[in-house]
Amino acid sequence: MYTDEDLDNAVKQGIFSASAVAEFRLQHARLTDTAAVDEENFRLIGGFNDIFVVIACTLLLLSSWWVLESHAVLAWGVFSALAWGLAEFFVRRRRMALPAIVLLLAFVAGIAMLVQNLMSGTPQETAVWATGISALAAYWHWRRFQVPITVAAGTAALIAFSLSGLLNIFPTLEKSLWLVLLVAGISAFAYAMYWDASDRGRTTRRSDVAFWLHLLAAPLIIHPIFSGLGILDGEESIGSLLVVILLYLTMTAMSLAIDRRAFMVSSLIYVLYALSSLFNVYGFVGYSFALTGFVIGTALLLLSAFWHSSRKRLVLLLPQNVQRLLPPADQGSIPVVSNANSEELKE
């Protein structure tokens, strides 16, 4: 299985001409009645061999940890080293997508647990060290393997480091934690847009990096808002219902503008929970979840069917300087080869 990035590399090496690749992409867009950027492609699995390798790696990692469980530091050290070593072959040499994700998460989690078992301070101090070194480990892993999800994992670790550090210095900040999380979510969203804007044609790993960052940003934005409204604590009202609907419509409009379904879907669980609870309070006992699923599911299917046309109308309403940061809504204006090459990914 090949990707858009493989096609771009073939163009750079002179195997295909840029015009031939452009014609191929336009022909594919016509056949599927959607632009390539609207497909929101990302590499998750290249074939069943990916699943096979993940199962084998998981068994090896868990077995190594289980054997050395009585010596926690050694166990997590070996666990992390194995995750890195396996990545050297299956990620760096074989470029397997699913094993890359699993081994990255295993490595970062292993480093966090290793630091926790090495530290002897208070739980708050241990959390600061564990999250900080995990963020550095993610950066180290990115420099070596450039797995797209690594940037999101490192960003999450950096956010956790900032939160634990602030709470360790200012314990009273816990009362305003929702506001800090909201700022973190907005920052993660801005960082995702930085990666998206650098690859408007969605043909390189930069697009994959942005995809995972959007998955991280949406819950960080939605959760503190719902928490601040008391919806997650069972404080439902008509006003809350209106806020939920307005908020999700806003998220939908933003998803259309930036051409990222992932941004909308990753916050869907919060909306489903809130609407289900509100329907339950106002008399739809026993049918609340079914009614919520019907309403949301129907809306999402209609949006999917008319995604490109709806997005085109919305983008045309935006200012020109904003449009220049977004994927083009016109299929014919999609860039053929992104300016972002593999060397630029190493920043």
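# Helix packing and a few backbone spots

Helix 4 makes a right-handed crossing as it passes helix 5, in what is a predicted model.

User: How many helices and how many strands does the secondary structure of the protein come to?

Analyst: The model is predicted, so keep in mind that local features here need pLDDT of at least 70. The secondary structure then comes to 16 helices and zero strands.

User: What share of the 347 residues in the protein is buried?

Analyst: To count as buried, a residue needs a relative accessible area under 20%. Of the 347 residues in the protein, the buried share is 45%.

User: Of contacts between residues at least 6 apart in sequence, what percentage join residues at least 24 apart?

Analyst: The starting pool is contacts in the protein between residues at least 6 apart in sequence. Residues at least 24 apart are joined in a share of that pool that comes to 69%.

User: What percentage of the area the protein exposes do carbon and sulfur atoms supply?

Analyst: The protein exposes about 18,000 Å². The part supplied by carbon and sulfur atoms is 68%.

User: Are helix 4 and helix 5 roughly parallel or antiparallel to each other?

Analyst: Helix 4 covers residues 48-67 and helix 5 covers residues 72-93, and their axes come within 8 Å. The axes cross at roughly 155 degrees, and angles over 145 count as roughly antiparallel. Helix 4 and helix 5 are therefore roughly antiparallel.

User: How do the residues of the contact of helix 4 with helix 5 divide into nonpolar, polar and charged?

Analyst: On the helix 4 side you've got Val53, Cys57, Leu60, Leu61, Ser64 and Trp65, and they meet helix 5 residues including Trp76, Phe79, Leu82 and Phe90. The division for this contact is 13 nonpolar, one polar and no charged.

User: Is the crossing of helix 5 and helix 6 left-handed or right-handed?

Analyst: Helix 6 runs over residues 97-118, and its axis and that of helix 5 come within 8 Å, crossing at roughly 155 degrees. That makes helix 5 roughly antiparallel to helix 6. As for the hand of the crossing of helix 5 and helix 6, it is left-handed.

User: How many nonpolar residues are in the contact of helix 5 with helix 6?

Analyst: Helix 5 brings residues including Trp76, Phe79 and Trp84, while helix 6 brings Leu103, Phe107 and Met113, among them. This contact has four polar and no charged residues, and the nonpolar count is 18.

User: Is arginine 95 buried or partly exposed?

Analyst: Arginine 95 is found in the loop between helix 5 and helix 6. Its phi is near 55 degrees, a positive value in a residue other than glycine. Most residues other than glycine have a negative phi. With a relative accessible area of 46%, which falls between the 20% and 50% cut-offs, arginine 95 is partly exposed.

User: What is the relative accessible area of aspartate 259?

Analyst: Aspartate 259 lies in the loop between helix 11 and helix 12, with a positive phi near 60 degrees. Aspartate 259 is buried, and its relative accessible area is 0%.

User: In which helix is histidine 214 found?

Analyst: Histidine 214 is buried, with a relative accessible area of 0%. Leaving aside neighbours within four places in sequence, its contacts include Phe189, Asp196, Arg260 and Phe263. Histidine 214 is found in helix 10.

User: What distance separates the C-alpha atoms of valine 315 and leucine 326?

Analyst: Valine 315 lies in helix 15 and is buried, with a relative accessible area of 4%. Not counting residues up to four places away in sequence, valine 315 touches Ala257, Gln323 and Ala329. Leucine 326 is 11 residues apart from valine 315 along the chain, and the separation of their C-alpha atoms is 8.5 Å.

Definitions and conventions:
Residues numbered from 1 in each chain as written. Predicted model: local features only at pLDDT ≥ 70, side-chain atom pairs only at ≥ 80, totals over all residues. Heavy atoms only, no water. Axes fitted to C-alpha atoms, helices over the stretch in contact; angles between N-to-C directions. Helix = DSSP H or I, 4+ residues; strand = E, 2+ residues; numbered from the N terminus. Parallel < 35°, antiparallel > 145°, perpendicular 65-115°, else oblique. Left-handed = near helix turned anticlockwise from the far one by under 90°. Contact = heavy atoms within 4.5 Å. Nonpolar A, V, L, I, M, F, W, Y, C, P; charged D, E, K, R; others polar. Buried < 20%, exposed > 50% of the residue type's maximum accessible area, 1.4 Å probe, protein only. Areas by Shrake-Rupley, 256 points an atom, 1.4 Å probe, with all protein chains shown as cover.
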